[in-house]
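Thanks for passing this one along; I enjoyed going through it. My comments follow as numbered points, to be read with the structure open beside them.

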Amino acid sequence: MLDVLASGYPSLDSIFATSHSPGVGETALLQSSPAQHRPEFGGCGANVAVALSLLGFKAGVAMVVGDDEAGQDYVGYLQQRGVDTQDVTVLSGHHTSQSLLFRNPDGEYQNFFFAGAADAWDGELTLKNADRVHYGLITVDNWRHNMAFVAQLFNRGVPLIWQLKPDIAAFPEKSAAEFARKAAVILMNHIEATYLLKAMHLTDVAALIGEQTHTVVVTNGKNGATVYTSSGSTHVPAIAGRIVDTTGAGDGFTAGFIAGLLQKREAVICAQMGAIVASFVLEKIGCQTNLPSWDAMVSRYKIHSGDL
């Protein structure tokens, strides 16, 4: 039995520090040679699955890779990390997704994404783990693949967690509204919340709580997060620490939150656990390079929030 099956684009992330964020027609200087650069494994669904596996939970991914060397390497890496890859689709003749991310001295990013095999997918999805999973996690992906993923799990009564991204190609307003109505938990930042409220014709995040959706969390970087349930809203502070790279911090938050959810903890404690895992991610370059073990997470949780 899997604790979580996550959808989402895979990504080989190339992250470069730059002198500044250039405007149109401008040139920025790279702070290191591209020839010396090694891509990091990324992609929201895989980031969360790897984090959960390192925390001691059983996670799998439903994603599409190419039959290139990068795709083979990523699948092998996930298996080494203990992530179930039975629902990975290998698309022949296509390249695996890649991202080029450029970070200025203020920590702001410009992201250029090549979807590759994941966006070329247009087939039928049959999830091998559909009948043996506790939660389904929706992250940014080819919207056709995500729609099939959601339909199969929702129709089987599997609770869905939706980690939103303001990506109109992955989450057109129509599908965004459908995912929101089918999700038990919605996790998003304050920018993504604005997008979703517009798609749902709502003015208040609390209005998302209903018969199907029992928890909504809105994160706001260093200002922490707000947890919404039927009982009201509660603020959870961010964890102040060393910030080297913000890439993947949201995925770390999601992993920590889900870890708490799997243990049937209150939503506020789940969010505190999310903030702790995110704080580890912020300390190193790359989405998966500094993910904590369960013991490391608990140790830092005690420092900031007491016994877990």
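1. Let me begin with a single residue, Q80, which lies in helix α2 (residues 69-80). Is Q80 buried or exposed? With a relative accessibility of 71%, Q80 counts as exposed, because the cut-off for that class is over 50%. Please keep in mind here and below that this is a predicted model. For a sense of scale, the C-alpha atoms of Q80 and A115 are 24 Å apart in space, while 35 residues separate the two in sequence.

2. The helix that carries Q80 also leads us to a sheet. α2 packs on this sheet, where it touches β2 and β3, and its direction makes about 75° with that of β3. The sheet itself is open and has four strands, in the order β3-β2-β7-β8, with mixed pairing. At its edges are β3 and β8 (109-114), each of which pairs on one side only. On average, neighbouring strands of the sheet are turned by 30° against each other, direction ignored.

3. Strand β2 deserves a closer look. Which strands does β2 pair with, and in what sense? On one hand, β2 runs antiparallel to strand β3 (residues 40-42), and three bridges join the two. On the other, β2 pairs with strand β7 (residues 98-103) in the parallel sense, over six bridges. If you want to follow the register by eye, D13 stands opposite E40 in β3. Towards β7, L12 stands opposite Q98 and S14 stands opposite L100.

4. How much of β2 is buried? Six of the seven residues in this strand (residues 11-17) are buried, which leaves β2 mostly covered.

5. Helix α1 (residues 44-54) is another covered element: 10 of its 11 residues are buried, so the helix is largely enclosed by the rest of the structure. The buried residues are C44, G45, A46, N47, V48, A49, V50, A51, L52 and S53. After α1 comes G56, a residue with a positive phi, near 105°.

6. What does α1 pack against? Two packed helices are described by the angle between their axes and the distance between the axes. For α1 and helix α7 (residues 249-262), the axes come within 9 Å and cross at roughly 45°. That angle makes α1 oblique to α7, and the crossing is right-handed. On the α1 side the contacts involve C44, N47, V48, A51 and L52, which meet D251, T254, A255, I258 and A259 in α7. The α1 residues C44, N47, V48, A51 and L52 are also among the buried ones.

7. Now to the charged pairs. How many salt bridges does the structure hold? There are five, and I would like to go through some of them. In one, the side chains of D84 and R132 meet at 3.9 Å, N to O. This pair links distant parts of the chain, 48 residues apart: D84 is in the loop between α2 and β6 (89-91), and R132 is in the loop between α3 (117-120) and β9 (133-138). D84 has a relative accessible area of 16% and is therefore buried, whereas R132, at 28%, is partly exposed.

8. A second salt bridge sits within one helix. The side chains of K182 and E178 meet at 2.9 Å, N to O. Why are K182 and E178 separated by about one helical turn? They are four residues apart in helix α5 (residues 173-182), and that places about one turn between them. K182 is buried, with a relative accessible area of 18%, while E178 is partly exposed at 24%.

9. My last point concerns R300 and E283, whose side chains meet in a salt bridge at 3.0 Å, N to O. R300 lies in helix α9 (residues 294-305) and E283 in the loop between α8 (267-281) and α9, so the pair ties together parts that are 17 residues apart in sequence. E283 has a relative accessible area of 17% and counts as buried because that class covers values under 20%.

Terms used. Residues numbered from 1 in each chain as written. Predicted model: local features only at pLDDT ≥ 70, side-chain atom pairs only at ≥ 80, totals over all residues. Heavy atoms only, no water. Buried < 20%, exposed > 50% of the residue type's maximum accessible area, 1.4 Å probe, protein only. Pairing = 2+ DSSP bridges. Salt bridge = Lys/Arg side-chain N within 4 Å of Asp/Glu carboxyl O. Axes fitted to C-alpha atoms, helices over the stretch in contact; angles between N-to-C directions. Parallel < 35°, antiparallel > 145°, perpendicular 65-115°, else oblique. Left-handed = near helix turned anticlockwise from the far one by under 90°. Contact = heavy atoms within 4.5 Å.
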